[in-house]
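Trainee: I should like to learn how to read the helices and the overall form of a protein model. May we work through one together?

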Amino acid sequence: MSLIFDKSAPGRNRIVLPPAEPDCCSDIPDELMNTGLDIVDVSEPDMVRYYTGLSRMNFGVDTGMYPLGSCTMKYNPKINEKSAALEGFTGAHPLAEPDCSQGALRLCFELARDLSALTGMSAFSLAPAAGSHGELTGVMIIKKYFEKKGEKRDTILIPDSAHGTNPASVAMCGFSVKEVKSTPGGDVDIDHLASLLDGSVAGMMLTSPNTLGLFDRNILAISEMLHKNGSLFYGDGANLNAVIGTAKMRDMGFDVMHINLHKTFSTPHGGGGPGAGPVGVADFLVPFLPAPVVECNHGMYTLDYDRPDSVGRMHSFYGNFLVLVKAYTYIRMLGFEGLREVSRTAVLNANYLMNSLKQTYNLPIQRTCMHEFVLNDKDIPNGVTTNDIAKRLLDYGFHAPTVYFPLLIPGAMMIEPTETESRESLDEFVRVMKRIRDEAEGDPELVKQAPVTTPVKRVDAVAAARKPVLKWEKK
Amino acid sequence: MSYISITDDDIREMLGVSGVSSIDELFADIPENIRSNARCDLPGPLSEIDLDRHMRSVQSGNWLIPSFLGGGVYHHYIPPVVDHLSSRSEFYTAYTPYQPEVSQGTLRAIFEFQTIMCRLTGMDIANASMYDGATSMAEAIFMSVRDNGKRKAVISKTVHPNYREVARTYAWAGGIELVEADYSGGVTDIASLEGALQADVSCVVVQSPNFFGCIEDLKAVKDTIASKKINLIVVVNEPLSLALLKSPGSFGADIVCGEAQSFGNPVAFGGPLLGFLAAREPFMRKMPGRLVGKSADLDGKEAYVLTLQTREQHIRRERATSNICSNEGLCLLRAVLYLVYYGNKLRELAQLNHARARLLRNRLLEKGFSCAFNRPFFNEFVVTVPQAEAAYEAMKNNGFNSGLKLGRFYPEMEGALLFAVTEMNTVEEIDSFFNILESISY
């Protein structure tokens, strides 16, 4: 299949625009004018057929089970989309005065309040546009806090199981990273942590539950050690789906955290965004939140810019507002009990799946898991690897798990079913995983060649990187 | 209502397989005192019917009236094909295209976006989007610092004030010094810019059309920094202007970044937006964010894949070019659909925007208002209004959001309004605006 540019021919596009006077641009000097605009020239029918075709080359949550660990690919309710398409929201200009934007400000105010209630944090900023943007904001808050206190601390601790965004966010704030080891049981190695704690440590970032899908059994001890050292505790909320309504992040000892609304709060991933990564803080960090902050005075919602200790502005305006609308809709739909049911079911589904698969695949850490668990390709015969298994799953109509992450488990397959999968789809996944294991024994080439039923077969990523072609050029 | 698919019978059996007798047991690793404090007050749950009604009531709190507001987000017509095709859930319920065999739809759309943005900006490479214009500019500055190792950036005061604020936040965190260059006559003051150019300057950042709507003299800016090994970063926050105006690349820009919301995305209270970042070829391995490259599958069939990932956080961790992971994928898809729908007729649309803006501007001048700056513009311009506050309020009471009050951003511009005019502001609307303006006293 060719690209849209291959369908272009002069004169195909027959759309008609309202007329403008022929000399309407005479006031712009010629030397500033573009004379060679070349985008594409296609008709609407051709375009619709082409992009409908593209959509059919894609796999989404609505297509099939998407057990992508740490990404929380749950069902995206359609009422969310309907809410976010309301003209009162899509048509609101961010620079209109607050008296024209009371609906939008109210929604932001109430959403921040609800996220605070659910996590135990004192306040939230909704400005960060994605999880990693939230991390960056949170680490800046830590930096500002110590700057204000006049303490020079230049190190942030990060467990070896962490997402790559954690160290990358830390580096953007000028901190250096020290890695904390995990124990064979999947908890933070407390002794190693103790050996790293000194006056240079500004804080530690921990995903809770962690990326092995485990709840750190020493969490309160870790919190105490950090706080005794004068350091702050950052909670990465990427895996909040496991504990929403069941445990508050503030009670685990976190001082600052972010939430991925596009995970726990069911807003769609959109093929890579837009997400939203609100940042919550304990009371003593509230002054450092990004500006502006939405406030409510006597029933009127306003934007407060007068925040002298704020880290500053993080977004062109106030964040990914329509994503916030979707998360707000979801919270209203479920209420507290519904959200509690989310974490309880997500954890049950994951444990059921783990226990159904642990005889067939190696389970490196044998513990009750939270919302996800990690298998690997140890003992898979005939040189069949995690990557082969992931690709073969595509042939059977499943998305692949997260593979080769976390880094401390070689050949990791991180599986997160989420609460919205039915018993039948979980059982089907188990059946297929067992069948792939059998294929690895009996017909390994079949697995190594996979996928064969997808729109394209295995793609050569090495060639793409060796000689990058990053745009279409006329032949 | 909830979205859980398992039944009470399933739960019993699944607990058995899991070797526990209750769901609570699965949470035993969480200290009991934490679990027992989890309850909180939340509104709801609502039935879907009541929720729908509630959301309509919340949105009605926004008062949408005809407006001439721009300043970084623009109200343009969105063709139904954009909503229709981007609403296909194979697109919007997909994750980042890490498994290329089942993501060719997303990957091809990104590749097409990269191609079109290169053509519009005159750059060699473009990435798969940033969060928004402001963060794309901050990342462009970081990229320039990585490129030449110098840690100072000079930003013109005609760059969007919010973008400059975000740049200040990022620069403070990353240990980069920012210096601002003044403006005169509505554009960057070349003498002030020259004065700011010390040896350690990594880049000069200008916006065109700038925050006042004026088209900057990019040639003069480039001449000022030529031979100094300083990168020229050009910010564009009304990308429709690129269909009418010569590309920043043709004036010697090294990096072009900004906001592409105008392409198929609603104003939406300022988000989600669509940051873009494009650059010359030597920046390829220094770019933040995702890049899609062309490759082939095992059978030699054309296929697309995320590439040069060793720049990115999931591989390079603290040595990555940025921490960005999720970007604005669906907004990018909407932009591609919009750009393909208009195709080369985007130029006509840009002309129409300029024509409507010129109409409003000329009529304001006829009425005796004065333009703050006498420079070529695209679809925004600044008008000085006597008793601006009173005029603004009076017009609002008559159902018009006149324009953006600039005093909030530039104290010296008290009494000036920034007007943005797009194809959505009809001739009739402009007439009606004038009739009211003439009839009211303030």
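Mentor: We shall take the whole chain before turning to single helices. Please bear in mind that this is a predicted model.

Trainee: How many helices and strands are there in chain A?

Mentor: Chain A contains 13 helices and twelve strands. Its radius of gyration is 25 Å, close to the 23 Å from the globule rule for 475 residues, so chain A is as compact as a globular protein of that length. Along the principal axes, its C-alpha atoms fill a box of roughly 75 × 65 × 45 Å.

Trainee: What share of the residues of chain A count as buried?

Mentor: Burial is judged by the C-beta atoms around a residue: 20 or more others within 10 Å make it buried. In chain A, 60% of the 475 residues meet this description. Among its contacts with a separation of 6 or more, 72% join residues 24 or more positions apart.

Trainee: How far do the ends of helix H9 of chain A lie from each other, and what would a straight helix reach?

Mentor: A straight helix is expected to advance 1.5 Å a residue. H9(A), residues 321-357, has 37 residues, yet its end C-alpha atoms are only 40 Å apart, short of the 54 Å of a straight helix.

Trainee: Where does H9(A) bend?

Mentor: The bend is at Gly335(A), by about 95 degrees. Of the 37 residues in H9(A), 33 are buried, so the helix is largely enclosed by the rest of the structure.

Trainee: What span does H7 of chain B reach?

Mentor: H7(B), residues 104-121, reaches 25 Å, close to the expected 26 Å. Just after H7(B), Gly122(B) has a positive phi of about 75 degrees.

Conventions. Residues are numbered from 1 along each chain as its sequence is written. Chains are lettered from A and ligands numbered from 1 in the order in which they are written. This is a predicted model: local features need pLDDT of at least 70, side-chain atom pairs count only at pLDDT 80 or more; totals for chains, interfaces and linings use all residues. Helices (H or I, at least four residues) and strands (E, at least two) are DSSP runs, numbered from the N terminus. The radius of gyration is taken over C-alpha atoms; the globule rule is 2.2 Å times the number of residues to the power 0.38. A residue is buried if 20 or more other C-beta atoms lie within 10 Å of its own, exposed if 12 or fewer, and partly exposed in between; C-beta atoms are placed from the backbone. Two residues are in contact if their C-beta atoms, placed from the backbone, lie within 7 Å. The expected span of a helix is 1.5 Å times one less than its number of residues. The bend at a residue is the angle between axes fitted to the seven residues ending there and the seven starting there.
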